[in-house]
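Reader: I would like a close look at a single part of this model, namely one sheet and what packs against it. Please take me through it in one connected answer.

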2 protein chains.
Amino acid sequence: LTFTQQLQHIQQKCNSLLCIGLDPDVAKLPSFLRSAKNPQYEFNRRIIEATYDLVCAYKLNIAFYESAGMKGWEAMERTLELIPKNIITIGDGKRGDIGNSSEHQARAMFNVWKFDAATVNPYMGVDSVEPFIQHPEKGAFILALTSNRGSNDFQYLKLKGKPLFEHVVAKAKMWNVKKNIGLVVGATHPRELKKIRSLVPNMPLLIPGIGAQSGDLEASVRFGCDKKGELAVINVGRAIIFASSGKDFAKAARQIARKYRDEMNGNRDKYFGKKY
Amino acid sequence: LTFTQQLQHIQQKCNSLLCIGLDPDVAKLPSFLRSAKNPQYEFNRRIIEATYDLVCAYKLNIAFYESAGMKGWEAMERTLELIPKNIITIGDGKRGDIGNSSEHQARAMFNVWKFDAATVNPYMGVDSVEPFIQHPEKGAFILALTSNRGSNDFQYLKLKGKPLFEHVVAKAKMWNVKKNIGLVVGATHPRELKKIRSLVPNMPLLIPGIGAQSGDLEASVRFGCDKKGELAVINVGRAIIFASSGKDFAKAARQIARKYRDEMNGNRDKYFGKKY
């Protein structure tokens with residue numbers, strides 16, 4: 001199965017578009033966990049146990065592990081071993097380098113850490129992306145239009161009459177011969193999300209920016225999904241994992257995660273006319 | 001001292017523009033090292049001991065360490081402890097993310113690993129770069145025009161008659177209030193290098209692509225340096241570190257490194273009229 005097909009099957013089976021961002025910023029962890037042998041791992045373990053039946057994917061931003069030194073890597077590796085096999089794992093590292101180096105980045109993502117998919121920055125072009133799309137069953141989400149304010153600096157520049165992010169979308173579509181490429185489009189840009197979905201009707205879209213970044217959830221479902229109401233992977237990070245900083249943090253995370261999943265499914269009912 | 005000033009002083013003192021890429025691809029290490037406890041570290045140690053008086057900087061591409069798992073991180077950390085303090089260390093990870101995540105990436109680069117400078121991908125814009133330029137003494141080399149063939153995909157796209165990479169150069173110049181930003185410009189693009197140097201007469205340029213990638217060394221010196229024949233950091237990786245795959249690899253690396261340094265200095269004599 002290609003990565004895109006795997007994602008479809010998983011979303012159908014678990015009935016969810018929700019992806020949880022496992023970004024265990026050490027400074028924000030509940031204080032009672034600080035005495036644990038590996039607080040990041042302990043935090044993730046409890047979040048996963050409380051939410052695994054509500055999500056299609058977990059996204060781990062590598063930044064939060066590398067900033068914690070060796071213990072961070074240990075937390076990341078052990079977290080990945082814990083996630084049930086029927087849930088997609090996304091290594092969010094915004095990678096991409098000259099071909100020779102990108103090969104090693106891809107090896108780290110897919111062979112060392114064993115993520116199912118990785119996020120890739122398109123700036124360096126085709127040979128920086130190729131190593132991430134060699135295996136049909138492994139996915140690459142290429143940054144198109146990101147959720148942050150800095151997306152205004154270059155991604156909207158009109159080159160030959162089209163904004164840069166649309167050039168990225170066009171190349172990504174061309175490169176997608178193995179049906180394992182997706183795009184990253186921030187929930188903070190609903191109009192452009194609609195445009196991008198019209199350009200790539202069948203590609204997975206990873207949509208960050210819901211919650212702490214105030215992206216538009218309804219538009220993310222309505223414009224992010226394909227015609228069947230699928231293939232949008234909508235990420236929520238801080239709003240779920242840091243819903244409470246007390247002993248009840250995992251329970252609170254479950255509550256909020258369920259709320260998000262149900263709200264997404266409510267919008268699928270509304271716009272795609274199925275009962276989810 | 002700002003990062004730019006530090007680089008100037010170091011280049012004056014060591015009389016070299018040469019940066020060696022410490023990218024210890026495990027598959028390419030001399031076979032006799034494979035039995036070492038940590039082959040990557042052992043390899044780096046011998047390269048550094050054989051070349052530290054010939055270089056202004058060492059650049060470590062993170063990809064080659066992360067692809068080696070936990071042992072790779074150990075090799076990287078121990079390598080960094082070994083490099084003499086008067087030599088610049090560059091963490092080449094092409095980082096950049098939304099502000100909150102970029103902060104953690106910068107923390108990993110500057111606080112955990114203690115690099116002096118990091119390479120940053122500009123695609124995500126200002127808040128992705130900011131955490132890397134907070135401390136005047138720490139440097140950020142922003143990708144402008146990369147050395148690989150994929151640089152043709154997006155970096156040359158034109159807006160208002162100006163290619164994307166020039167828009168990146170303009171923003172980087174604007175962001176350089178703390179005098180700690182440099183640019184990455186491949187030695188494979190000599191004409192564009194000349195143009196970029198004219199746009200930023202006083203910024204450090206990190207110039208990869210000499211050696212295995214067949215970049216133009218003479219042009220890298222001539223067009224990459226500032227008016228005083230400084231501030232070009234010219235990286236050579238594989239051509240030096242893998243000069244020999246035998247027991248004499250460190251000696252061979254020294255020979256080739258000296259040849260490159262001298263050839264760079266010969267071109268400084270030629271174009272900047274000083275005796276180097």
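Author: Two strands are said to pair here if DSSP finds at least two bridges between them. By that criterion, strand β1 (residues 18–21) of chain A and strand β10 (residues 232–236) of chain A are paired in the parallel sense, over three bridges. Within this part of the predicted model, A:C19 stands opposite A:N235 in β10(A).

The pairing of β1(A) with β10(A) belongs to a wider arrangement, a closed barrel of eight strands in chain A that runs β1-β2-β3-β4-β5-β8-β9-β10, with parallel pairing. On average, and with direction ignored, neighbouring strands of this sheet are turned by 30° against each other.

Helices pack on this sheet, and two of them can be described in turn. Helix α8(A) touches β5 (139–145) and β8 (181–185) of chain A, and the direction of α8(A) makes about 160° with that of β5(A). Helix α12 (residues 249–272) of chain A lies across β1, β9 (205–210) and β10 of chain A, running at about 150° to β1(A); the paired strands β1(A) and β10(A) are thus among those that α12(A) lies across.

Helix α8, which spans residues 164–175 of chain A, also holds A:H167. With a relative accessible area of 12%, A:H167 counts as buried, because the cut-off for that term is under 20%. Leaving aside neighbours within four places in sequence, the contacts of A:H167 include A:L159, A:K160 and A:K162 in chain A, together with B:F154 and B:L157 in chain B.

As for the chain that carries this sheet, chain A has 12 helices and 10 strands. The radius of gyration of chain A is 18 Å, close to the 19 Å that the globule rule gives for 276 residues, and chain A is therefore as compact as a globular protein of that length. Along the principal axes, the C-alpha atoms of chain A fill a box of roughly 55 × 45 × 35 Å. Buried residues make up 65% of the 276 residues in chain A, and of the contacts in chain A with a separation of 6 or more, 71% come from residues 24 or more positions apart. The accessible surface of chain A comes to about 10100 Å², with 50% of it belonging to carbon and sulfur atoms.

Finally, on confidence, chain A averages a pLDDT of 97, and 100% of the residues score at least 70, while the model scores ipTM 0.97 and pTM 0.98.

Notes:
Residues are numbered from 1 along each chain as its sequence is written. Chains are lettered from A and ligands numbered from 1 in the order in which they are written. This is a predicted model: local features need pLDDT of at least 70, side-chain atom pairs count only at pLDDT 80 or more; totals for chains, interfaces and linings use all residues. Side-chain values use heavy atoms; hydrogens and water are left out. Helices (H or I, at least four residues) and strands (E, at least two) are DSSP runs, numbered from the N terminus. Buried means under 20% relative accessible area, exposed over 50%, partly exposed in between (1.4 Å probe, protein chains only). Contact means heavy atoms within 4.5 Å. pLDDT is the predictor's confidence in each residue, from 0 to 100. Axes are lines fitted to C-alpha atoms, for helices over the stretch in contact, and angles run from 0 to 180 degrees between N-to-C directions. The radius of gyration is taken over C-alpha atoms; the globule rule is 2.2 Å times the number of residues to the power 0.38. Accessible areas come from the Shrake-Rupley method with a 1.4 Å probe; for residues, only the protein chains shown count as cover.
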